[in-house]
Amino acid sequence: MHSVLQRGNAILAYALSVLACLTFVCFASTVFLDYRTNVDIKVISPLVRTIADYGAARERNDLGQVSFDLQANLSNLFNWNVKQLFLYLTAEYETSNNQLNQVVLWDKIILRGENAVLNLKNMNPKYYFWDDGNGLRGNKNITLTLSWNIIPNAGLLPNIFAHGSHSFQFPLDYATGNPRIIL
Ligand SMILES: *[C@@H]1O[C@H](CO)[C@@H](O)[C@H](O)[C@H]1NC(C)=O
Ligand SMILES: *[C@@H]1O[C@H](CO)[C@@H](O)[C@H](O)[C@H]1NC(C)=O
């Protein structure tokens, strides 16, 4: 004889395992998809300034100024297990202080259903491009890369690097005059 409680318990356990199973199928159906796609990035007229840091040492640090164009069609990244994309643009470069410097210059969230075709022209970064020393002036290899985190409904949160990055160099001379970019 099964009591009502036992039956309820069995139904609940069954329902939970069905749910867990569906969640797993949702995750498994999308886990092996390739979330990389082509991105076209261009940097316009990079400048570097030397700015006094108001810290204790009163050193002068390099501040990079760039504008950029960015084209990408991210529509095919969205499937039923993608809730939103978090995009971020990083600059990577080497200096005598550090082998790898990474600075996030810009980011953006694209929700499911929003326009995922990016055609950005002459954009200013959202964040300052500071170096912790004087590593930007005359630096010959600054590489910009667009990456994204996929916020899924279920499963992993992969971090993807786009195909296509852009390298540029900063001029040898510091720019003078009024800053072109006010952040
Ligand atoms: C973006 O990609 C989607 C799917 O791959 C395609 O249907 C759409 O036409 C593309 N849009 C543009 C502007 O290229
Ligand atoms: C520039 O740096 C990137 C990584 O930051 C590297 O992959 C690339 O090979 C470098 N290019 C040159 C010309 O050194």
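A residue is called exposed when its relative accessible area is over 50%, buried when that area is under 20%, and partly exposed in between. The exercises below apply this rule to a predicted model.

**Exercise 1. Classify Leu22 as buried or exposed, and place it in the structure.**

Solution. Step one: Leu22 has a relative accessibility of 53%. Step two: the cut-off for exposed is over 50%, so Leu22 counts as exposed. Step three: Leu22 lies in helix α1, which covers residues 4-28. Step four: Leu22 belongs to a nonpolar surface patch together with Leu12, Tyr14, Leu16, Val18 and Leu19. The accessible area of this patch is about 630 Å² in total.

**Exercise 2. Describe the overall make-up of the chain.**

Solution. Step one: the secondary structure consists of one helix and nine strands. Step two: their order along the sequence is α-β-β-β-β-β-β-β-β-β. Step three: of the 183 residues in the chain, 38% are buried. Step four: the accessible surface amounts to about 11200 Å², and carbon and sulfur atoms account for 57% of it. Step five: consider contacts between residues at least 6 apart in sequence; 72% of these join residues at least 24 apart.

**Exercise 3. Determine how many salt bridges there are, and assign each partner to its exposure class.**

Solution. Step one: a salt bridge requires a side-chain nitrogen of Lys or Arg within 4 Å of a carboxyl oxygen of Asp or Glu. The count under this criterion is two.

Step two: Lys42 pairs with Asp40, with 3.8 Å between the closest N and O atoms. Lys42 has a relative accessible area of 43% and is therefore partly exposed. Asp40, at 38%, is likewise partly exposed.

Step three: Lys126 pairs with Asp107 at an N to O distance of 2.7 Å. This pair links distant parts of the chain, 19 residues apart: Lys126 sits in the loop between β5 (117-123) and β6 (129-130), whereas Asp107 sits in strand β4 (residues 101-111).

Step four: Lys126 has 45% relative accessibility, so it counts as partly exposed. Asp107 has 14%, which means that it counts as buried.

**Exercise 4. State which residues surround ligand 2, and how much of the ligand the protein buries.**

Solution. Step one: the surrounding residues are Glu92, Asn141 and Thr143. Step two: a side-chain N or O atom of Asn141 is 2.5 Å from an oxygen atom of ligand 2. Step three: ligand 2 taken alone exposes 370 Å², and the protein buries 29% of that area.

Note on methods: Residues numbered from 1 in each chain as written. Chains lettered and ligands numbered in written order. Predicted model: local features only at pLDDT ≥ 70, side-chain atom pairs only at ≥ 80, totals over all residues. Heavy atoms only, no water. Patch = residues over 30% accessible without salt bridge, like charges linked within 9 Å, V, L, I, M, F, W, Y side chains within 5 Å. Areas by Shrake-Rupley, 256 points an atom, 1.4 Å probe, with all protein chains shown as cover. Helix = DSSP H or I, 4+ residues; strand = E, 2+ residues; numbered from the N terminus. Buried < 20%, exposed > 50% of the residue type's maximum accessible area, 1.4 Å probe, protein only. Near = heavy atom within 4 Å. Polar contact = N/O pair within 3.5 Å; in protein donor to acceptor, adjacent residues only side chain to side chain. Contact = heavy atoms within 4.5 Å.
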